[in-house]
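These are notes for a colleague who is opening this model without having seen it before. The points below go through the DNA strands, the contact between the protein chains and the domains.

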There are 2 protein chains.
Amino acid sequence: MASKSNIFTIASETGYSVSTVSRVLTGQAEKFRISKKAIDLISETARRLNYQPDLVAQTLRTKQSRTIGLLVPGIDNPFFATLAGIIIKLLGDRGYHTLLADSREAEAEEEQALQMFLGRKVDGIITVPVSSSAARLEQISQQTPVVLIDRHFSKTNLPYVCTDNYVGARMATEYLLQHGYKRILAIQGVRSSMPNQERLRGFKDALKGEDVIYEAVGDAFSVENGHDEIVRAFGGNGSRFDAVFAFSATILLGAIDAFRELNIKVGEEVGIISYDNNGFLDFLDPAITRVEQPLREASELAVETLFSIMEARREGRSEPEVLQRLIPPTLVVRSSC
Amino acid sequence: MASKSNIFTIASETGYSVSTVSRVLTGQAEKFRISKKAIDLISETARRLNYQPDLVAQTLRTKQSRTIGLLVPGIDNPFFATLAGIIIKLLGDRGYHTLLADSREAEAEEEQALQMFLGRKVDGIITVPVSSSAARLEQISQQTPVVLIDRHFSKTNLPYVCTDNYVGARMATEYLLQHGYKRILAIQGVRSSMPNQERLRGFKDALKGEDVIYEAVGDAFSVENGHDEIVRAFGGNGSRFDAVFAFSATILLGAIDAFRELNIKVGEEVGIISYDNNGFLDFLDPAITRVEQPLREASELAVETLFSIMEARREGRSEPEVLQRLIPPTLVVRSSC
DNA sequence: TAATTGCGCACAATCGTTTGAGCAATACTT
DNA sequence: AAGTATTGCTCAAACGATTGTGCGCAATTA
């Protein structure tokens, strides 16, 4: 009953027309020379009737929903959950709401979500893409601004904010080398994904010319993958490897678990280093040395970028040029290697 | 350009009226005796023009958005992230989208989010409430179905699905007793919250008549709280306690950290048991014995409940009666006590 | 006094759908 | 052959807002 009041109710209640009411309520009063008397009466009445604008009607008319579509490949993954949390907050601060969808690493679900975003008339899209091609997103971005985060495509002019996975992996690998490890096993995540490729490249480049042996196995950002690859590599009689580079925190967990099963002491018998931030890595024993990504900074940059594009388009300006950012990660040293 | 086609485009393209097009596209064709010829032509044209209905316009007209508002107190908390992930998936399976908001444990932000949900005409709301009173939500639920999850209010007829925190805490405490612990420290979360109160009640009831000493300290579901209370209780020369019951996984982490600082061996010198599910509790050393909440089951029940109410209201039926569910948690035994 | 200007507001179209009511043509009845 | 049913569709009014245009009136100017 409270929310039954609309612009028309207020109009008849105050005796003014709906247009006047609308202009007052949208803050266009002085632009249209509405009298102070009218402004006061209308605002007061709106408050009294507990008027809440119908955002759906507003959107239909104005083509602006003050909503951003956020698409991640798995909200149950702490990494994306943290990311989503930060972004939702940042958008909220700017008066925008978030329509969250989960592609579950599947292209079909990604496409569905994008359709939905467009149908819902979101003002912009922030996404961690899962599809292998940028084509669809590039097409969409002509209509609705799109900013990629965490993952990007090799040749695309879509704006993105990613951490520099190449540098991160290089840092991690060099750290292992400096500490005397000579036989390194890398466990990868989804191979087709850009972060994984970059990490692999960084890993290999760091090893170039070094007197070490190495191998890069695995194919998923999952606990199981970490577990299975460790069992495979360390399960037999002894192992060729003295250190492990886990390409994600989930992989790391699986590895830790496998080492425990195999009764191999992490930090002593084998060194281990991981990618990803994740507060609880500090609570493992030993605490895990890792490459952390500046999630907050990345999120802020992504949101900023998105809004600058939105603003530019709204004002018919050409879009800013530098829209692809690679930000450097940080090495957090603990005691696992 | 692709998405510029609307129902009117299709109408003029096919020569039929917009009403006919609409009825075909919404599957009401035979109900209105549209000819097969018309159906075929219209569907074919829609496909050819890549028609996507404007969900905003649809919502305005039908008052149904096929969207559910999901409100959690902190999406960056793994517990709620997991919950959100499950719920988003379940809703997606039923053809519904999710508008996600984060109240950050603040009443003001909760209220804002609820306003937004109503303005957006969500068809239903699933929320982990943070406010101390049920009043506002009860008011809203007359307009839009509301289901509480994880937390509820003591006397309310709002439907909810929570785990039985009383039983869970009792189970945990009894487990400690059975294993010979005699001096138990409980570290609480937010005292005003229903889950905390229930856990405390379960804890105390389990100890009734037993020959043990105990204390319940702390006041936040945070790592710091866990840390500080352990330091306070175990920091001096020896401690009165031989076991700790952490009321949440965050508290547990703080405790683990503090024990490490104090050089006290968990599992040997002190037993510890925790609340909350959290996959990584298995990766700590020792793995933590804990009370897990059946998140999936709870989510399914909550979604089911919400839809049954929505359906009942749509059909003008009276709403189902039994809508408040307390589901039993599970004791997951590991090696920390 | 008549023409001009500015002020304060109202009219009505519009956004893209859905939907109750109605209407012309054909088919069926008796 | 005239009346009734059925078929297959169209008309136009909503939903709740925004917004370009225009109009009556008073104050100012000529």
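**Notes on the model**

1. Helix 4 of chain B gives the most to the surface near DNA strand C, with 4 residues. Helices here are DSSP runs of H or I with at least four residues, strands are runs of E with at least two, and both are numbered from the N terminus. A residue is near a strand if one of its heavy atoms lies within 4 Å of it.

2. The model is predicted: local features need pLDDT of at least 70 and side-chain atom pairs count only at pLDDT 80 or more, while totals for chains, interfaces and linings use all residues. Residues are numbered from 1 along each chain as its sequence is written, chains are lettered from A and ligands numbered from 1 in the order in which they are written, and side-chain values use heavy atoms, with hydrogens and water left out.

3. DNA strand C has 29 residues around it, and A:Ser35, A:Arg61, B:Ser22, B:Arg23 and B:Arg61 are the closest. Of the atoms of this strand that come within 4 Å of the protein, 54% belong to sugar and phosphate. By class, the surrounding surface has 9 nonpolar, 13 polar and 7 charged residues. Ala, Val, Leu, Ile, Met, Phe, Trp, Tyr, Cys and Pro count as nonpolar, Asp, Glu, Lys and Arg as charged, and the others, Gly among them, as polar.

4. Several atom pairs link chain A to DNA strand C. A polar backbone atom of A:Ser17 is 2.6 Å from a phosphate oxygen. The side chain of A:Arg33 has an N or O atom 3.1 Å from a base nitrogen, and a polar side-chain atom of A:Lys63 lies 3.4 Å from a sugar or linking oxygen. Helix 2 and helix 4 of chain A and helix 2 and helix 4 of chain B each give two or more residues to the surface near this strand.

5. Which residues come nearest to DNA strand D? They are A:Asn6, A:Ser22, A:Arg23, A:Arg61 and B:Ser35, out of 29 around the strand. Helix 4 of chain A provides the largest share of this surface, 5 residues. From chain B, polar side-chain atoms of B:Tyr16 and B:Lys63 take part: B:Tyr16 lies 3.4 Å from a phosphate oxygen of strand D, and B:Lys63 lies 3.3 Å from a sugar or linking oxygen.

6. A:Asp54 appears in two settings. A backbone N or O atom of A:Asp54 lies 2.9 Å from a phosphate oxygen of DNA strand D. A:Asp54 also forms a salt bridge with B:Lys121, the closest N and O atoms being 3.3 Å apart. A salt bridge is a side-chain nitrogen of Lys or Arg within 4 Å of a carboxyl oxygen of Asp or Glu, and the rule finds 2 of them across the interface of chain B and chain A.

7. In the protein interface, 46 residues of chain B are in contact (heavy atoms within 4.5 Å) with 47 residues of chain A. The two chains bury about 3900 Å² between them, 63% of it on carbon and sulfur atoms. B:Val56, B:Arg120 and B:Phe283 lose the most area in chain B, together 18% of what that side buries. Buried area is the accessible area (1.4 Å probe) that two parts lose on being put together, summed over both.

8. Chain A is assigned domain 1 (3-61), domain 2 (65-163 + 295-329) and domain 3 (165-292); the bounds come from an automatic or database domain assignment. The C-alpha centres of domain 1 and domain 3 of chain A lie 61 Å apart.

How values were computed. A polar contact is a pair of N or O atoms within 3.5 Å; within protein, one must be able to donate a hydrogen and the other to accept it, and residues adjacent in sequence count only if both atoms are side-chain atoms.
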